[in-house]
Amino acid sequence: MGRFAGKDILSTENLTRDEIEEILEEARWMLGVIERRTSLSLLAGKVLATLFFQSSTRTRLSFESAMQRLGGSVLGFASAESSRASGPRAETLEDTIRTVDQYADTIVLRHPETGAARRAADVAEAPVLNGGDGTNQHPSQGLLDTYTVWHEKGTLDGLTIGMVGDLRSTRGMHSLVHCLSNFRSRLVLVSPPELRFDDAVKQVLKSKGVEFSEATDVEAVVKELDVLYVTRLNKEGAGATYEALLKTYPRITLDLLKKGKGNLIVMHDLPRTDELGLQIAAEVDATPYARYFQEMKYGVAVRMALLALTQGVVG
Amino acid sequence: MGRFAGKDILSTENLTRDEIEEILEEARWMLGVIERRTSLSLLAGKVLATLFFQSSTRTRLSFESAMQRLGGSVLGFASAESSRASGPRAETLEDTIRTVDQYADTIVLRHPETGAARRAADVAEAPVLNGGDGTNQHPSQGLLDTYTVWHEKGTLDGLTIGMVGDLRSTRGMHSLVHCLSNFRSRLVLVSPPELRFDDAVKQVLKSKGVEFSEATDVEAVVKELDVLYVTRLNKEGAGATYEALLKTYPRITLDLLKKGKGNLIVMHDLPRTDELGLQIAAEVDATPYARYFQEMKYGVAVRMALLALTQGVVG
Amino acid sequence: MGRFAGKDILSTENLTRDEIEEILEEARWMLGVIERRTSLSLLAGKVLATLFFQSSTRTRLSFESAMQRLGGSVLGFASAESSRASGPRAETLEDTIRTVDQYADTIVLRHPETGAARRAADVAEAPVLNGGDGTNQHPSQGLLDTYTVWHEKGTLDGLTIGMVGDLRSTRGMHSLVHCLSNFRSRLVLVSPPELRFDDAVKQVLKSKGVEFSEATDVEAVVKELDVLYVTRLNKEGAGATYEALLKTYPRITLDLLKKGKGNLIVMHDLPRTDELGLQIAAEVDATPYARYFQEMKYGVAVRMALLALTQGVVG
């Protein structure tokens, strides 16, 4: 059995380049299943529990599709309200996990609190896949973003990758930057000063010898980029400053992109909608810049890889 | 592959008699699977997404049962609240559909807005089956109603079919009348004057040479009918006039039915409950008039047919 | 086909010792499937409907896991809000059941009203398994508790079993006491005077010759016990007296347990959390006293047995 068998996927912080490449290679193979609109029997008879204490369209349905394409079945809840897991008499996360551990062979957890996935993993026998915990980590998102760059550009080295937007509070960005820290691409970190990665992240980049720079204006740097990955302003993270930050928050138009390289690709973790409308203009959708819907497809492939690897049926 | 392969089912307006008959024949075969309480493997490995922006017991569970009886699996959400699809930062319907299109091989959508299914189909590669859009169309409902008449009466020609209630705002009635417009039965349209079909519908009936009449009192016409199909007053459609309309809204009692033909059958799309109680009295349930629960079973068969035909595995 | 084929499981009141033993034996075999983290094909092609008019983590997910481990599939709703089953225009329970009966081969119902499962069974062709109705019965819970004692102690006779807490309003306790009334163990019923079993229950125990005593203080009786089964105060049942009752409600600490027999086991139906915290202290979790998480695993096995027996595929 492979090195991921029985393991949790809580964070991308400790993944090595070699491990990430194994996940990416496995995902590429899984993508062939999706493209043939069929399914495998690798996880036939296995049960995935999707425990979403925060509601989600994308991550939950993507994991469910992944499990079904692997031949397995799914149970769970889509919001804390539809379980015993909310209210003043709500049971502890640990008790919920210990219970669900009896029902399922693998658990995907999304939770509003940082560290929740770690707490779950500490009591579960089944592998726990972190589907997002607070503003901390969202490893399957970071890995699918990494996959998208790799698939679309053919490499993860030698590129200039712009990470644009709320780097401070977006868990997917945290997961992505740790993935990319294992490769030899240059990172351009573009955000309002209040929304930069915290020093710990930058320390990791330095210690690993990753070239990076910070900027506040995407227009000033777009020319340099091979990849422009943009994310929405995190409302919870921004708190009272949300309204003010939103006004100057980066927005991507076709005019902006035309100032960049011809083969620039644009990614987004979606949704791209906020109170001001679409963060990436609709006019971009039909252009070759846009890769954010492919990203969703690759997401299923990456999650198939993660489920199969942690169950020990591949790898 | 058949003519429905890869097609959307958004409306019954453009279905021909021949196409409807193909769906009905396929549904009759599928019914045999349901009656044997077993399932097929026709859609093994395929994934259905049920996206219900309005909650539903009947339509959602019926489609899910249909998909499972075909060997496929299901993911989705049961209400807008359990997804990213509500609130001021909700993503556009188009973005949700483009995303789910990566997760599923076929999509059933219910949405409060007229035209939503059309918008979904415009961006999805997977076939979109309209599970009800605003007050517009609910084609699987219209087809299952059509199937019920055909199965119970053995024909769709030469009958006198009463369509009773809120014809203006009931999407199922819209879908049904367009189905029936392809056959040679006489339609008796019974509703308060405010709740009649709009002129466009009546124009279609005229242009296709369908004999029809309008009435306001079901008691005055019950004698003529072979089929009495009644539906509930649509609260959203009625708006401020709801309370007033409800008072005179048609209600079906056993006494009323006894004034009709001995082999009269009563159908309803359910639920039949409103603030005044049951629209069809409970005393009707155990009589041979009542076919509304069989209708639910036929609904699964019709939806199996629609799923299998649009996936191109039959037809 | 066995004696349970096509039968409803609404209550444990009329189960005989022989019937209970058949369920326990079947559950023991099913447990082997769970422990091997695989599944059977006994119910391949069959559909379970889980209709939860009250939300639940444990019972719903446990039944869903059971159905999936038997090879079947699941549809349903997790709360009344996500169906047509709530609000002033909600359809009757009977109509909902008659409808779902067309979609599924077996139905699990949880409902806030006592007698709801009986009403459902009266109109459904499919077997109805009561997943909890009001304060009345929760038979799969009572059976899994019975299973836990039997599995952990190797017998259901000759033991001294403490049933502690809200015996009046806890449906699982009602189901358990009727199971245990068929065996030869002594019952120690520990609760505040207001929360005792009603006389009808005690009359059953007397008529079946079951030795039992009542107590108010768990500390005074812990020495006698082989099994200590404790449950939470039922908030709905307690009504206005909830706050007052909670203050003196039994709470289980390690100190308390150390006063009992060395091989005493502690069970709980979970959740064990209320406004005062954990009803069983966390310090108990890692000790051999604690069996409440195993109980959850046995629950899946018991529900697999119930589903397979009532479908007539075993027994």
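What radius of gyration does chain A have, with 315 residues? Chain A has 19 Å, which agrees with the value near 20 Å for a compact globule of 315 residues. The model is predicted. A turn of 120 degrees and a shift of 0.0 Å along the axis lay chain A on chain B with an RMSD of 0.0 Å. That is the relation of a three-fold axis.

**Chain A**
- Chain A holds 12 helices and 11 strands.
- Along the principal axes, the C-alpha atoms of chain A fill a box of roughly 55 × 45 × 40 Å.
- Buried residues make up 58% of the 315 in chain A.
- Among contacts in chain A with a separation of 6 or more, 78% join residues 24 or more positions apart.
- Ser73(A) is the residue of chain A that comes closest to the rotation axis, with its C-alpha at 4.8 Å.

**Nonpolar core**
- The largest nonpolar core has 288 residues.
- The members that touch the most others include Ile107 and Met163 of chains A, B and C. Val266(C) also belongs to that group.
- Leaving out residues up to four places away in sequence, Ile107(C) touches eight residues: Ala49(C), Leu51(C), Ile97(C), Val100(C), Ala120(C), Ala124(C), Ala126(C) and Val128(C).

**Contact between chains C and B**
- Chain C gives 24 residues to this contact, and chain B gives 24.
- On the side of chain C, strand S2 (73-77) and helix H3 (93-100) are the elements that give two or more residues.
- H3(C) provides the largest share of that side, 5 residues.
- By class, the side of chain C has 9 nonpolar, 8 polar and 7 charged residues.

Definitions and conventions: Residues are numbered from 1 along each chain as its sequence is written. Chains are lettered from A and ligands numbered from 1 in the order in which they are written. This is a predicted model: local features need pLDDT of at least 70, side-chain atom pairs count only at pLDDT 80 or more; totals for chains, interfaces and linings use all residues. Copies are superposed by least squares on the C-alpha atoms of residues with pLDDT of at least 70 in both. A nonpolar core is a set of buried Ala, Val, Leu, Ile, Met, Phe, Trp, Tyr and Cys residues joined through C-beta atoms within 7 Å. A residue is buried if 20 or more other C-beta atoms lie within 10 Å of its own, exposed if 12 or fewer, and partly exposed in between; C-beta atoms are placed from the backbone. Two residues are in contact if their C-beta atoms, placed from the backbone, lie within 7 Å. Helices (H or I, at least four residues) and strands (E, at least two) are DSSP runs, numbered from the N terminus. Ala, Val, Leu, Ile, Met, Phe, Trp, Tyr, Cys and Pro count as nonpolar, Asp, Glu, Lys and Arg as charged, and the others, Gly among them, as polar. The radius of gyration is taken over C-alpha atoms; the globule rule is 2.2 Å times the number of residues to the power 0.38.
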